[in-house]
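Let's take a walk through this model together, one contact at a time. Keep the sequence and the 3D view side by side as you read.

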Amino acid sequence: MNDTTNTLKQIIGKTVKAIRLKQGLSQEDLAHECNVDRSYISMIEVGRNEPSVTKIFELCRGLKVAPSDFIKMVEIEYNQGREQD
């Protein structure tokens, strides 16, 4: 797997976790909202799973954020990381 893929997986996970914590949701709460297992949320948050576009939309629904806003957050974080390299 290339560096870009690994970086994006990490950023997606970090973004999901940050939004979830800001909203006071547990992994279990978010998993319930998205009809997935808590371990799936955990794997995304630590960057071990890369959610599909469909799952990103489900996560955004559970997190109550627009998918476009979520992708923008990921893009900003990604670009900041590239500037530091």
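Start with a charged pair: K14 and E77 form a salt bridge, and their closest N and O atoms sit 2.8 Å apart. K14 belongs to helix α1, which covers residues 3-22, while E77 belongs to helix α5, residues 67-84. That puts the partners 63 residues apart, so the pair links distant parts of the chain. E77 is partly exposed, because its relative accessible area is 28%, which falls between the 20% limit for buried and the 50% limit for exposed. Before going on, bear in mind that this is a predicted model.

How many salt bridges does the structure hold? There are four, and we'll look at two more of them here.

Go along helix α1 to R20, which pairs with E45. This salt bridge has its closest N and O atoms 2.6 Å apart. Since R20 is in helix α1 and E45 is in helix α3, the bridge ties together parts of the chain that are 25 residues apart in sequence. Are these two charged residues buried or exposed? R20 counts as buried, because its relative accessibility is 6%. E45 is buried too, with a relative accessible area of 9%. Both values are under the 20% cut-off for buried.

E45 is worth a second look, as it has another side-chain partner. Its side chain is joined to that of Q27 by a polar contact of 2.8 Å. Q27 lies in helix α2, and with a relative accessible area of 17% it is buried. So E45 in helix α3 has a salt bridge to R20 in helix α1 and a polar contact to Q27, a residue of helix α2.

Stay with E45 a moment longer and find K9. Which helix holds K9? It is helix α1. K9 is a lysine that counts as buried, because its relative accessibility is 9%. K9 and E45 are 36 residues apart along the chain, and 8.6 Å separates their C-alpha atoms.

Also in helix α1 you'll find G13. At 0% relative accessibility, G13 counts as buried. If you want a distance to check in your viewer, try G13 to P67: the two are 54 residues apart in sequence, and their C-alpha atoms are 14 Å apart in space.

Now for a salt bridge within a single helix. K55 and E58 form one, with the closest N and O atoms 3.0 Å apart. Both residues lie in helix α4, residues 53-63, and they are three residues apart, or about one turn of the helix. Both also count as partly exposed: K55 because its relative accessibility is 24%, and E58 because its value is 22%.

Next, the loops. Between α4 and α5 you'll meet K64. What is its phi angle? K64 has a positive phi of about 60°, although it is not a glycine. K64 counts as exposed, because its relative accessibility is 62%.

The loop between α2 and α3 has a residue with a positive phi as well, N35. Its phi is near 55°, again in a residue other than glycine. N35 is exposed, with a relative accessible area of 68%, which is over the 50% cut-off.

D37 shares that loop, which runs between α2 (27-34) and α3 (38-45). Is D37 buried or exposed? It counts as exposed, because its relative accessibility is 51%. The side chain of D37 makes a polar contact of 2.6 Å with the side chain of S39. For a reference across the fold, D37 and K17 are 20 residues apart in sequence, and their C-alpha atoms are 15 Å apart in space.

Finally, color the surface by charge around D37. Which residues form the negative surface patch there? They are E28, D29, E33 and D37. D37 qualifies on accessibility because its 51% is over the 30% that membership of a patch calls for.

Key. Residues numbered from 1 in each chain as written. Predicted model: local features only at pLDDT ≥ 70, side-chain atom pairs only at ≥ 80, totals over all residues. Heavy atoms only, no water. Patch = residues over 30% accessible without salt bridge, like charges linked within 9 Å, V, L, I, M, F, W, Y side chains within 5 Å. Areas by Shrake-Rupley, 256 points an atom, 1.4 Å probe, with all protein chains shown as cover. Salt bridge = Lys/Arg side-chain N within 4 Å of Asp/Glu carboxyl O. Lys, Arg positive; Asp, Glu negative; His and termini not counted. Charge placed at Lys NZ, Arg CZ, Asp CG, Glu CD. Helix = DSSP H or I, 4+ residues; strand = E, 2+ residues; numbered from the N terminus. Buried < 20%, exposed > 50% of the residue type's maximum accessible area, 1.4 Å probe, protein only. Polar contact = N/O pair within 3.5 Å; in protein donor to acceptor, adjacent residues only side chain to side chain.
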